[in-house]
Amino acid sequence: MPFDDEWKYTLSLKVGRQAFAFGASRLINPLPWANTMRAWDGVRADLKLDTWTITGFWAQFAPVQKYSFNDSNDQLPLFGIYATGQSPVEWLSMDFYWIGRQRNAINDQRYTFGTRWFGTIPETALSFDHEFAYQTGERGTSDVSAFMVALS
């Protein structure tokens, strides 16, 4: 579908050290309540289309070093695509994501596919936030298969 005057879109790119927080921050967040916050060195692209934002990212974890510069760790890449936006139902918002993580030193590769549905039901005080995710991958010679359900 070609972009025309009816489509409102912007593209932004961020390169360098940054904090990531997606959705309800259950899986990726900078840990603002901890003594040291998490940071990553990498690239992030945000495409905003109407009521949706699609983010692609690739980064390496930059652990806090007490007595030296916080260099990123090329053995801990994190990458993925995260989309969030308004559904056709006015009071329902949705997230869809694919997240990949590798720990090269121990031959650990994991891929998480998930969705989050959240909003406030009209004319009520009822709000909800439901998230479902499935993780697959390998650790050494073993397969990884796990899931997550968060309902509130």
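What follows is a chat about the folds, rings and empty spaces of a predicted model.

Reader: Let's start with the layout. How many helices and how many strands are there in the chain?

Author: This is a predicted model, and its elements run β-β-β-β-β-β-β-β from the N terminus on. Along the principal axes, the C-alpha trace spans about 55 × 35 × 35 Å. The count for the chain is zero helices and eight strands.

Reader: What share of the residues counts as buried?

Author: To count as buried, a residue needs under 20% relative accessible area. The chain has 152 residues, and the share of them that counts as buried is 33%.

Reader: Among contacts between residues at least 6 apart in sequence, what share joins residues at least 24 apart?

Author: A contact here means heavy atoms within 4.5 Å. Among the contacts in the chain between residues at least 6 apart, the share joining residues at least 24 apart is 42%.

Reader: On to the empty spaces. Which element gives the most to the lining of the largest pocket?

Author: The largest pocket has a volume of about 480 Å³, and 21 residues line it, with Leu 27, Ile 28, Leu 78, Ile 99 and Arg 101 nearest its centre. Elements giving two or more residues to that lining are β4 (77-86), β5 (92-103), β6 (108-120), β7 (127-139) and β8 (142-151). By class, the lining has 13 nonpolar, four polar and four charged residues. With five residues, the element that gives the most is β5.

Reader: And how much space lies in the largest cavity?

Author: The structure holds one cavity of 30 Å³ or more. Its lining includes Leu 27, Ile 28 and Ile 99, which are also among the residues nearest the centre of the largest pocket. The cavity lining divides into six nonpolar, two polar and two charged residues. The space in this largest cavity comes to about 60 Å³.

Reader: Now for the aromatics. Are the rings of Trp 52 and Phe 96 stacked or edge-to-face?

Author: A search of the whole structure finds 12 aromatic pairs. For Trp 52 and Phe 96, the ring centres are 6.3 Å apart and the planes stand at 20 degrees. Planes under 30 degrees apart count as stacked, so this pair is stacked.

Reader: Where in the chain do those two sit, and how many residues apart are they?

Author: Trp 52 is in strand β3 (residues 52-61) and Phe 96 in strand β5, so the pair links distant parts of the chain. Relative accessibility is 22% for Trp 52, which counts as partly exposed, and Phe 96 is partly exposed too, at 38%. Along the chain, the separation is 44 residues.

Reader: Which residues do ring pairs link into a cluster?

Author: Two of the members, Phe 22 and Tyr 82, also line the largest cavity. The cluster linked by ring pairs is Phe 20, Phe 22, Trp 40, Phe 57, Phe 61, Tyr 82 and Tyr 97.

Reader: Is Phe 128 buried or exposed?

Author: Phe 128 is found in strand β7. Beyond four places away in sequence, it touches residues including Trp 91, Trp 117 and Phe 118. Its C-alpha is 5.3 Å from that of Phe 118, 10 residues away along the chain. Relative accessibility is 16%, so Phe 128 counts as buried.

Reader: Which residue lies over the face of Phe 118?

Author: Phe 118 is one of the residues that Phe 128 touches. At 3.8 Å from the ring centre of Phe 118, the residue lying over its face is Arg 116.

Key. Residues are numbered from 1 along each chain as its sequence is written. This is a predicted model: local features need pLDDT of at least 70, side-chain atom pairs count only at pLDDT 80 or more; totals for chains, interfaces and linings use all residues. Side-chain values use heavy atoms; hydrogens and water are left out. On a 1 Å grid over the protein atoms alone, a cavity is a set of points where a 1.4 Å probe fits but cannot get out, and a pocket is an open set with protein on both sides within 12 Å along at least five of seven lines; lining residues have an atom within 4 Å of a point. Grid points are joined across faces, edges and corners, and a volume is the space filled by probe spheres set on the points. Helices (H or I, at least four residues) and strands (E, at least two) are DSSP runs, numbered from the N terminus. Ala, Val, Leu, Ile, Met, Phe, Trp, Tyr, Cys and Pro count as nonpolar, Asp, Glu, Lys and Arg as charged, and the others, Gly among them, as polar. Rings of Phe, Tyr and Trp (its six-membered ring) pair if their centres lie within 6.5 Å; planes under 30 degrees apart count as stacked, over 60 as edge-to-face and the rest as tilted. Buried means under 20% relative accessible area, exposed over 50%, partly exposed in between (1.4 Å probe, protein chains only). A charge sits over a ring if NZ of Lys or CZ of Arg is within 6 Å of the ring centre and within 35 degrees of the ring normal.
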